[in-house]
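Here's a walk through a two-chain model, going from the broad layout down to a few backbone oddities. Have the viewer open as you read.

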Amino acid sequence: MDDAASHSVTTTPEASEPKTLLQSVRALVPHSFATHRNPGTGLKPEWFEATQVNLSATERRAATMGTRRSVKKAYQAAWLVKAVTCIDLTTLAGDDTAGRVQRLAAKARRPIRDDLVEALGLADTPPTVGAVCVYPTMVGPAVKALRGSTIPVASVATGFPAGLTPLPQRLAEIRYAVDQGAGEIDIVITRSHALLGEWQALYDEVAAMREACGAAHLKAILGTGDLKTLRNVYKASMVAMQAGADFIKTSTGKEDVNATLPVSLTMIRALRDYGDLTGEKVGFKPAGGLKTAKDALTWLILMKEELGHPWLQPDLFRIGASSMLADIERQIEHYVTGHYASASHHAMA
Amino acid sequence: MPQVSTPSVKEILETMEYGPAPEAADIVRDWLAGHAGGFGHFIDGVFEPTPDGRTFTVDDPATGAPLAEVVQGSAADVGRAVEAARAALAGWSAMPGHVRARYLYALARQIQKRERFFSVLESLDNGKPIRESRDIDIPLVARHFYHHAGWAELIESEFPGHGPVGVCGQIIPWNFPLLMLAWKIAPALAAGNTVVLKPAEFTPLTALAFAEICREVGLPKGVVNIVCGDGATGAALVAHPGVDKVAFTGSTEVGRTIREQTAGSGKKLSLELGGKSPFIVFDDADLDGAVEGVVDAIWFNGGQVCCAGSRVLVQEGAADRFYAKLKRRMASLRMGDPLDKSVDVGAIVAPVQLQRIRDLVAKGEAEGATLFQAGGAVPDKGCFFPPTLFTDVAPASTIAEVEIFGPVAVAMTFRTPDEAIQLANNTRYGLAASIWSENINLALDVAAKVKAGVVWINSTNLFDAAAGFGGYRESGFGREGGREGLAEYLVADWAKNLPSNGEADTQKLSALPAEAEAVEAGAGMPGIDRTAKLYVGGKQVRPDSGYSYTVRNPSTGAPVGQAGLGSRKDIRNAVEAASKAGGWSAATAHNRAQVLYYVAENLSARSEEFEARLVRTAGSSAEAARREVAVAVGRIFFYAAWADKYDGRVHQTRSRFVTLAMNEPFGVMGLVCPDEAPLLGMVSLLMPSIAMGNCAVVVPSTTSPLVATDFYQVLDTSDVPEGVVNIVTGDRDTLAKVLAEHHEVAALWYMGGAPGSAMVEKASASNLKATWVGDGRRRDWLANPEGQGTDYLRRATQIKNIWVPYGE
């Protein structure tokens with residue numbers, strides 16, 4: 001581990017590279033955010049073109065993620081609270097309204113019932129979710145509803161979910177959402193670039209989006225259900241990070257297959273390799289298909305096992321979910337009271 | 001252990017530790033408390049009382065705390081168990097397969113219903129993590145009984161002409177106690193055998209719990225008997241004359257002893273022994289996947305796995321990256337209480353094993369290898385050894401050669417695929433191999449060339465009841481699992497009750513001049529002397545000794561010529577020639593078939609000459625000689641026909657896996673021919689051997705060798721490549737012993753007398769070659785399937801199971 005870390009410090013992008021406009025702009029942006037951002041690198045195909053991902057081997061490791069580790073009792077309760085703080089509480093539906101977003105924001109502020117927070121001994125530091133995630137036109141209402149809290153608003157953008165809107169419109173959409181107050185932008189990549197191996201095009205696209213984000217963090221949704229192969233997932237992950245993504249995210253939640261453990265493991269390994277090569281920490285966000293408290297624990301275990309403690313914090317780990325919170329809250333009540341809980345006893349989002 | 005109070009939720013939120021996650025053991029502890037008086041043997045359906053003063057203590061290796069007292073089996077105990085098994089045999093084997101299937105099905109079901117009980121008990125007794133016993137061992141146990149319930153159902157239709165071997169004495173190791181029991185008992189019972197099983201003295205408890213299950217499902221008494229004890233008990237079982245088959249899994253050292261002890265007993269034997277299996281990582285592999293492979297290869301069950309991928313071979317260009325990833329991964333392995341659900345590495349089974357590991361690791365360091373341990377917590381009591389990686393290991397290092405049987409991987413680099421194969425095969429063992437590459441051409445090429453009974457491509461330590469498991473070389477012989485495993489518990493009807501061939505010691509050969517040879521009728525002047533030589537590497541050569549012996553007609557006693565008196569050195573030369581003829585196995589089966597057909601063609605063309613030779617030198621009647629030659633020609637056709645049709649199989653194991661069971665030649669085979677039917681006997685052994693791609697060293701009939709030496713002229717004219725067949729005449733048992741002791745000879749067939757059979761089996765222990773001996777029984781070489789059939793092909797091949805995953 002030490003070897004890898006010391007090795008990585010020396011391999012930041014070469015200073016001799018011509019500075020792009022993007023990099024010049026970045027140099028001007030003050031580090032006003034609490035978290036360090038991934039500056040990206042030039043496109044380096046040699047970092048991913050020879051990389052192999054074996055499906056069966058990946059599946060075997062993924063399958064034991066939830067069986068090699070187990071957290072019980074107080075530990076389980078704490079881990080579930082941790083999961084709550086990493087949730088991007090999400091609504092991405094055609095029928096979203098300001099009222100619906102307001103309700104979501106209220107739940108985001110108080111994701112766990114007060115008496116349970118009290119019983120957990122967390123009354124002085126009550127947990128909130130990691131962010132609230134909405135469509136661009138809902139950013140305004142969300143920001144308003146979350147005023148006074150530290151919860152950021154994340155907005156999907158760039159022609160979510162398919163990402164096939166013309167690039168200028170997609171960039172404009174990012175700027176709109178940032179202008180509305182979004183602190184995080186969940187962009188979608190053009191899947192055809194990855195499917196056709198057009199890595200330069202993919203790099204340029206994500207880099208341009210990164211630039212459009214300004215100070216907002218960029219989370220790159222790879223649409224892994226569309227990419228199909230784990231090799232594609234690895235390569236797209238690496239290109240997105242080279243282009244400056246702060247997070248890489250599995251899915252829109254709208255593909256046939258969303259976040260799976262093998263896909264997540266592959267992205268995490270890419271992220272770790274990128275860290276070894278650059279010294280940068282990039283965040284990870286599985287989204288879609290994570291519904292239960294058990295899912296939350298499994299993915300936390302995945303992060304801890306493969307990446308370590310820093311990736312158990314919301315600045316480097318998010319879970320894109322809508323229904324998961326309700327199950328977690330029920331499990332926490334069970335821990336506190338010893339009784340199995342009814343969903344009707346918990347405030348809905 | 002110091003009592004630590006649980007931290008608060010707030011504190012855990014900071015540390016994000018896993019915390020303890022103990023599997024409850026109350027029910028198992030209650031069961032143990034119920035047996036506080038000690039465990040007796042399970043014989044004839046009854047748990048025997050525990051005699052005072054004849055018990056040993058079974059410990060929990062994680063704490064050193066005693067778990068139970070178990071009886072130490074005596075020879076008399078073994079005798080009672082064998083008698084019970086013998087008494088049960090007739091009834092059990094006579095049952096329709098369907099009835100046996102019902103019992104095996106019930107055992108499978110009952111194990112499933114008690115799966116957590118068995119898992120907890122196994123982890124307590126052996127020290128393996130509950131994750132492994134719960135997710136791997138016990139499910140595989142149930143799977144094994146299900147699978148063999150199926151075989152019991154199908155055995156009559158799938159194995160016609162075969163029956164059970166009889167009473168099986170089975171000795172199992174401590175690393176997978178219940179799984180090894182299942183591997184032994186399920187096929188034995190399916191095939192209609194009865195068993196006496198001795199579990200390892202460190203880990204007898206799940207076997208005793210299994211005995212309770214046998215009782216619970218109403219298995220007829222005596223079908224399964226469990227006798228506890230140590231090596232002495234095992235030796236008594238091996239030695240018991242009432243045992244028809246011995247099946248052993250354990251160390252190569254003990255396996256060798258068992259081979260020696262059972263030599264000449266006529267007992268069927270299968271050995272599943274040690275290994276030092278290569279784990280080969282090419283630079284085009286999924287390196288992260290391969291890192292997890294190493295975890296599953298050598299830190300699974302604390303490395304106490306016979307097929308552990310303990311020799312990591314990494315392509316030099318990828319080695320630094322691979323080692324870095326591996327070392328990082330080692331840091332997240334958790335060692336500790338086997339019953340904790342978050343533990344990866346449990347306890348070493350016993351203090352003596354721990355000491356052995358420590359000694360070998362110290363030796364590795366002393367020899368200059370670089371040791372790495374990630375520095376995780378090691379429990380302060382109990383038998384624990386941390387996951388360890390040695391780099392800078394040379395093939396000559398002790399730790400690269402010796403099976404450590406602990407969580408210790410030794411790593412070295414290679415430059416090319418050829419070098420990888422050389423390093424992989426640079427071992428006396430041949431149990432398993434794991435190959436990591438995304439290039440299917442490369443992976444399959446290495447899979448074909450590596451000398452191992454089980455090959456996993458881009459995977460490791462996968463097991464399934466439908467696949468065969470077992471080794472090449474000194475990793476043993478015989479297979480467990482699948483169709484090939486079942487065959488070990490069956491015997492062909494023709495092979496039972498063969499008459500004695502009456503052979504004791506062979507006659508003393510005379511190298512001195514003899515009286516005048518009988519003159520052939522009608523010859524007006526002296527015949528031209530014929531000199532029969534040895535045939536080595538495609539050339540006729542004189543015996544190294546410079547002596548010849550007089551060959552006499554067995555019927556008349558009259559001298560009929562001379563044959564070379566072959567010696568050790570001639571065998572040495574012949575084996576060397578054979579081992580250089582490896583191109584024969586690489587040739588297409590069609591090619592080999594063509595050569596065999598050509599041999600038949602040329603023998604047929606000279607049939608009158610061979611008939612006359614048989615009449616003159618072997619004392620055959622004209623009619624018998626005619627028949628022998630005709631059958632020999634037909635037999636060569638038969639094996640030529642089989643050459644390209646003795647297919648392997650694809651086993652149904654896991655989804656998205658092709659598990660290939662390939663029939664591979666042994667390499668160099670020794671063939672010691674019977675005295676009777678001197679031409680046909682030799683043809684019957686030689687043709688199946690070379691049809692399958694082996695190269696042979698033939699010791700023909702000592703009394704009638706001259707048809708064999710004539711036969712090399714047929715070989716010479718039939719495009720048989722040099723070295724594929726080598727013929728050394730001389731004293732049969734002298735030459736057989738040299739072959740049996742030769743480490744380059746991988747398999748040996750001996751069709752002489754009973755004393756010679758015993759000698760061959762005993763001598764074969766030195767490299768644990770596969771043997772097939774006649775035990776002094778006479779086969780009717782003219783008849784099928786005694787003289788010809790697929791049994792010969794099965795004995796001329798060893799099965800390699802190659803697991804090939806697919807999916808993108």
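## Chain B and its domains

Chain B splits into three pieces: domain 1 (69-273 + 488-493), domain 2 (278-470) and domain 3 (498-511 + 530-803). Keep in mind that this is a predicted model.

Take domains 1 and 2 of chain B to start with: their centres, taken over C-alpha atoms, sit 29 Å apart. The contact draws on 18 residues from domain 1 of chain B and 21 residues from domain 2 of chain B. On the domain 1 side, the elements giving two or more residues are α5 (115-126) and α6 (130-158) of chain B. The largest share of that side, 7 residues, comes from α6(B). Sorted by class, the domain 1 side that touches domain 2 of chain B has 6 nonpolar, 7 polar and 5 charged residues.

Now for chain B as a whole. DSSP-style bookkeeping gives chain B 27 helices and 31 strands. The radius of gyration of chain B is 29 Å, close to the 28 Å that the globule rule gives for 808 residues, so chain B is as compact as a globular protein of that length. Along the principal axes, the C-alpha atoms of chain B fill a box of roughly 115 × 60 × 45 Å. Buried residues make up 58% of the 808 residues in chain B. As for contacts in chain B with a separation of 6 or more, 74% of them are between residues 24 or more positions apart.

## Two open sheets

Each chain has an open sheet worth tracing strand by strand. In chain A, 8 strands line up in the order β7-β6-β5-β4-β3-β2-β1-β8, and the pairing is parallel. The edges of the chain A sheet are β7 (283-285) and β8 (319-321), each of which pairs on one side only. From one strand to the next, the twist in this sheet averages 25 degrees.

In chain B, 10 strands form an open sheet in the order β13-β14-β15-β12-β11-β16-β17-β31-β25-β24, with mixed pairing. Here the edge strands are β13 (370-372) and β24 (649-651) of chain B. The twist in the chain B sheet averages 20 degrees from one strand to the next.

Here are three strand pairs to look up, each with its bridges:

| Strand pair | Sense | Bridges |
|---|---|---|
| β5 (217-221) and β6 (247-249) of chain A | parallel | 3 bridges |
| β11 (278-281) and β12 (311-315) of chain B | parallel | 4 bridges |
| β3 (55-59) and β4 (66-71) of chain B | antiparallel | 5 bridges |

For handy landmarks, A:Lys219 stands opposite A:Phe247 in β6(A), while B:Phe279 has B:Val312 in β12(B) as its bridge partner. In the β3(B) and β4(B) pair, B:Thr57 bridges to B:Glu69. That hairpin has 6 residues between its strands, and B:Gly64 there takes a positive phi near 80 degrees.

## Where the chains meet

How many residues does each chain bring to the contact? Chain A gives 33 residues and chain B gives 35 residues. On the chain A side, the elements with two or more residues are α1 (2-9), α3 (55-63), α4 (65-68), α5 (73-85) and α15 (293-306) of chain A. By class, the side of chain A that touches chain B comes to 14 nonpolar, 9 polar and 10 charged residues.

## Backbone oddities

Most residues other than glycine have a negative phi, and most peptide bonds are trans. A few spots here go the other way.

The peptide bond from A:Phe160 to A:Pro161 is cis, with omega near 0 degrees. A:Pro161 belongs to the loop between β3 (153-156) and α9 (167-180) of chain A. Chain B has a cis bond as well, from B:Asn784 to B:Pro785, again with omega near 0 degrees. B:Pro785 is in the loop between β30 (770-773) and α27 (790-795) of chain B.

Then there are the positive phi values. B:Asn458 has phi near 50 degrees and lies in the loop between β17 (454-457) and β18 (476-477) of chain B. B:Arg656, not a glycine either, has a positive phi of about 55 degrees, and its loop runs between β24 and β25 (657-665) of chain B.

Are these two buried or exposed? B:Asn458 counts as buried because it has 26 C-beta neighbours inside 10 Å, and the cut-off is 20 or more. B:Arg656 is exposed, with 11 other C-beta atoms within 10 Å, where 12 or fewer is the limit.

Conventions: Residues are numbered from 1 along each chain as its sequence is written. Chains are lettered from A and ligands numbered from 1 in the order in which they are written. This is a predicted model: local features need pLDDT of at least 70, side-chain atom pairs count only at pLDDT 80 or more; totals for chains, interfaces and linings use all residues. The radius of gyration is taken over C-alpha atoms; the globule rule is 2.2 Å times the number of residues to the power 0.38. Two residues are in contact if their C-beta atoms, placed from the backbone, lie within 7 Å. Two strands pair if DSSP finds at least two bridges between them. Ala, Val, Leu, Ile, Met, Phe, Trp, Tyr, Cys and Pro count as nonpolar, Asp, Glu, Lys and Arg as charged, and the others, Gly among them, as polar. Axes are lines fitted to C-alpha atoms, for helices over the stretch in contact, and angles run from 0 to 180 degrees between N-to-C directions. Domain bounds come from an automatic or database domain assignment.
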